[in-house]
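Work through these exercises with the structure in view. Try each task before reading its solution.

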Amino acid sequence: LASGELPPMLSQEDVPASRDVAGMSVFCVDNDAALLASLVEALETLGCHVIAASGLADAQEKAKGTEAPDLLLVDYQLDHENGFDVIEGLDDCWEDVIPATLMTADRRPEIRQQADELGVGFLQKPLTEAMLKRTLESINS
């Protein structure tokens, strides 16, 4: 974002009724505070419990003593690492294998390819509430 520019808020498009995602736990990592707040708000609107962090160190600290989430939702471009580093860095925080989805505005095909190779979900920004709901439904089926 340009200096002083407000981030785009998540679209308020109609979310089709389908599987219930209320009560799911989502661990979100994004270094952009405004986008992270928007993401948390959208997930809470869907009835999810959200833990939010700004990067790997913050995420590892917040993961201590918490139950395993249903999903890791991690931005690709962070301040000191990328989203793949965060996903790998959180891998030992819980006994369970946690599904992870990478979100990015970066359009380079190699990022999506790396996500596919690692078995990580992929969401292209800008995100909508419907995209988030579909992602949650896919791991809740």
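**Exercise 1.** In this predicted model, find which residues lie nearest the centre of the largest pocket. Then describe its lining by helix and by class.

*Solution.*
1. Start at the centre. Ile 87, Glu 88, Asp 91, Ala 100 and Val 120 lie nearest to it.
2. Widen the view to the whole lining, which has 16 residues.
3. Look for helices. H3 and H4 each give at least two residues to the lining. The largest share, four residues, belongs to H3.
4. Sort by class. Eleven lining residues are nonpolar, two are polar and three are charged.
5. Add the volume: the pocket holds about 280 Å³ of space.

**Exercise 2.** Decide whether strand E4 (residues 100–104) is enclosed or open.

*Solution.*
1. Apply the cut-off: a residue is buried under 20% relative accessible area.
2. Check one side of E4. Ala 100, Leu 102 and Thr 104 are buried there.
3. Check the other side. Thr 101 and Met 103 are buried too.
4. Conclude. Five of the five residues are buried, so E4 is largely enclosed by the rest of the structure.

**Exercise 3.** Trace the chain into and out of E4, and name the partners of Thr 101.

*Solution.*
1. Take E3 (residues 71–75). Four bridges join E3 to E4, and the two run parallel. Leu 73 stands opposite Thr 101.
2. Follow the chain from E3 through helix H3 (residues 83–90) to E4; this β-α-β crossover is right-handed.
3. Turn to E5 (residues 121–124). Four bridges join E4 to E5, again in parallel. Here Gly 121 is the bridge partner of Thr 101.
4. Follow the chain from E4 through helix H4 (residues 109–118) to E5; this β-α-β crossover is right-handed.

How values were computed: Residues numbered from 1 in each chain as written. Predicted model: local features only at pLDDT ≥ 70, side-chain atom pairs only at ≥ 80, totals over all residues. Heavy atoms only, no water. Buried < 20%, exposed > 50% of the residue type's maximum accessible area, 1.4 Å probe, protein only. Pairing = 2+ DSSP bridges. Right-handed = clockwise from strand over helix to strand, strands pointing away. 1 Å grid on protein atoms, 1.4 Å probe; cavity = no way out; pocket = protein on both sides within 12 Å on 5 of 7 lines; lining within 4 Å. Points joined across faces, edges and corners; volume = space filled by probe spheres on them. Nonpolar A, V, L, I, M, F, W, Y, C, P; charged D, E, K, R; others polar.
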